[in-house]
Amino acid sequence: MSHPSDTSRRRVLVMGAGGRDFHNFNVLFRHRNDIEVVAFTATQIPFQENRLYPPSLAGRYYPDGIPVLGEQQLGQLIHRLHVEEVVFSYSDVSHQRIMEIASTAVALGADFRLVSSERTMLQASLPVISVGAVRTGCGKSPVTRFLCRLLLEEGRRPVVVRHPMAYGRLGIRGVERFTSLEDLDRYECTLEEREEFDPLIRLGVPLFAGVDYGEILPLAEQEGDLLIWDGGNNDVPFFRPDLELVLADPLRPGDERTYFPGLVNLVRADAVIISKVDQAEEKALETVEENIRSFNPEAGILYGKLEVHIADREVLRGKRVVVIEDGPTLTHGDMSYGAGIIAARENGVAEIVDPRPYAVGSLQKLYRNYPHLARVIPAMGYSDEQREDLRRTLERVECDLILSATPVDLAPLLKLSKPLVQVTYEFREVPPGSLQTRVRRFLSNQLNSGFSSLE
C-alpha cells in the first residue's frame, strides 16, 4: 500500500507513451506548486524507458527533471514513490485494459484519473481542422495530405501540427519545425517520424511537432492562415478544433466503441469518415454506421478509400516478395496487414514470403509479442539498433524483391542491396466531392464569422 506523503504537494504519477503524457504535464502540472509529478511511465513504444524529462522542459519546480520508467513497474512505483494519484495519459488502449490498470492503482491506495479533453486543448487564434481517429491505422495521414492539397488549391496557407512523437533526446525536441528533409536529421528523427513527416515536407507545407505545444502554437500561427492538427494513434487534439474530423475503420468494426480515447473522438466529431470502404464487408460497414449514430447522431458520416499506387505494376507479377507495412498500425493498432499486402494481392505476385524465420534481434522479440503478424514486417526503427535489425532481416529473406508500403524510401535509408518497390496510398472520397464540400463550407463559414486571419 502507498503511504501518506511527507510533503504538502500531492504526489502524482503520469502514465504515458512519450506524447500525451508530456503534454498533460505541461498544461496541467508544470507550474503548480501544490502537485509533484514523481515520475512518468512509458509503454507501447520501445526504448522510451529510463530516460529523463529534462529540467529545460520540466520547469522550475523540477531542477533535476522527472524520470521516465517502465509501466510494468507500476505497482512498485506506487508503493516506493508514495503515489497518491495516477493520471492515465496515453492512447489506443482498450476500455478493458484501462480498468485493469485503474483497479491496480486503486487497490494500492492511489486515485486513478482520466483528464477531460477540454482541459488540455490549447486555443488557437487561427481556424483549426483536426484529423483524428478511433484507432491507430485508420488513415489519418492520407486525409491530412488530402486536406493540405485541397486548401492549397483554395488559396489557403495551411500549417500542419503533428501529434508528438517524443522519442530520443527530449532536450532538442521542445519545438520542431520541418521545412526540408535535412530537418529530419537535425532532430534525429526515427523511422516512424520520417514516415509521417517526409510526405508533408515534400508537399511544401510547413510542419511543426515536438514536446511543448504551448511554445509550438504561436510559432505555427505565424506561418499560415489555417492549422491542421494531424493526430497520432487515436488521441484527442491538443488544439481546440473548429472542424473535428474523425476516421473509423470498417476492417475493425466495433473498435470505435471499445477503445480509449477513440470513443471520445467519436462522440466529439463534427464528421466521421469511414475509410477503407472498398475493402470492407457490408455487415462491417453497417456496424460502424450504427455505432456512430448511437454515440453521435449529430455527426455527418462521410466515406473514403485508400487508393494504392505502384509506379510499375508489371514488375511484381510472378515475383516472390517480402512486404513491409507501417509499424504502429500493425503493433498497437492490431492490424495484420496494410497497403503492401493489398498491392501484392492486386498485382499477381507469386508468393508473399513469411519473414518470421529470417527475423533477427528486436524483430524476433516483436513477432513473439505480436503473434497476429505472419506475412509482414513492421517498419520498426526507433533506434539505430532496431533499424539495423530491420536491414539485416530484409537482406536475409529469400525473395525477389521488397514491397514497401511505408511512406519513407527505405532503400537509401537502410542501404539495401535487394530491389525495392515502393507502394504509396492516398485518400479518395466516396463519392468524390463529399469531404471537399464539407471543408469548403467550413472555410466559407469561417470567413463569414470574421476570423481575422482569413479576412
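**View 1. Strands E9 and E11 run side by side.** Strand E9 (residues 158–162) and strand E11 (residues 207–210) pair in the parallel sense, over two bridges. Helices and strands here are DSSP runs numbered from the N terminus (H or I, at least four residues; E, at least two), and two strands pair if DSSP finds at least two bridges between them. Look for Val161, which stands opposite Phe208 in E11. This is a predicted model, so to speak with a filter on: local features need pLDDT of at least 70, side-chain atom pairs count only at pLDDT 80 or more, and totals for chains, interfaces and linings use all residues. Numbering starts from 1 along each chain as its sequence is written, and side-chain values use heavy atoms, with hydrogens and water left out.

**View 2. The nine-stranded sheet and its helices.** This open sheet goes E10-E11-E9-E12-E8-E13-E15-E16-E22, with mixed pairing. Strand E10 (175–178) and strand E22 (424–429) sit at the edges with a single partner strand each, so one side of each has no neighbour in the sheet. On average, neighbouring strands of this sheet are turned by 25 degrees against each other, direction ignored. Axes are lines fitted to C-alpha atoms (for helices, over the stretch in contact), and angles run from 0 to 180 degrees between N-to-C directions. Helix H8 (residues 213–221) lies across E9, E10, E11 and strand E12 (226–230), at about 170 degrees to E11; contact means heavy atoms within 4.5 Å. Helix H10 (residues 282–295) packs on the sheet too, touching strand E13 (243–248), strand E15 (271–274) and strand E16 (300–309).

**View 3. The six-stranded sheet.** Here the order is E3-E4-E2-E1-E5-E7, in an open sheet with mixed pairing. Strand E3 (51–53) and strand E7 (111–114) are the edge strands, each pairing on one side only. Strand E1 (residues 10–16) and strand E2 (residues 35–42) pair in the parallel sense over seven bridges, and Leu13 stands opposite Ala39 in E2. Helix H4 (residues 95–107) packs on the sheet and touches E1, E5 and E7, its direction making about 145 degrees with that of E7.

**View 4. The largest pocket.** Its volume is about 560 Å³, counted as the space filled by probe spheres set on grid points joined across faces, edges and corners. A pocket is an open set of points on a 1 Å grid over the protein atoms alone, where a 1.4 Å probe fits, with protein on both sides within 12 Å along at least five of seven lines; lining residues have an atom within 4 Å of a point. Of the 19 lining residues, Gln44, Ile45, Pro46, Lys365 and Asn369 lie nearest the centre. Helix H13 (residues 362–369) gives the most to the lining, with four residues.
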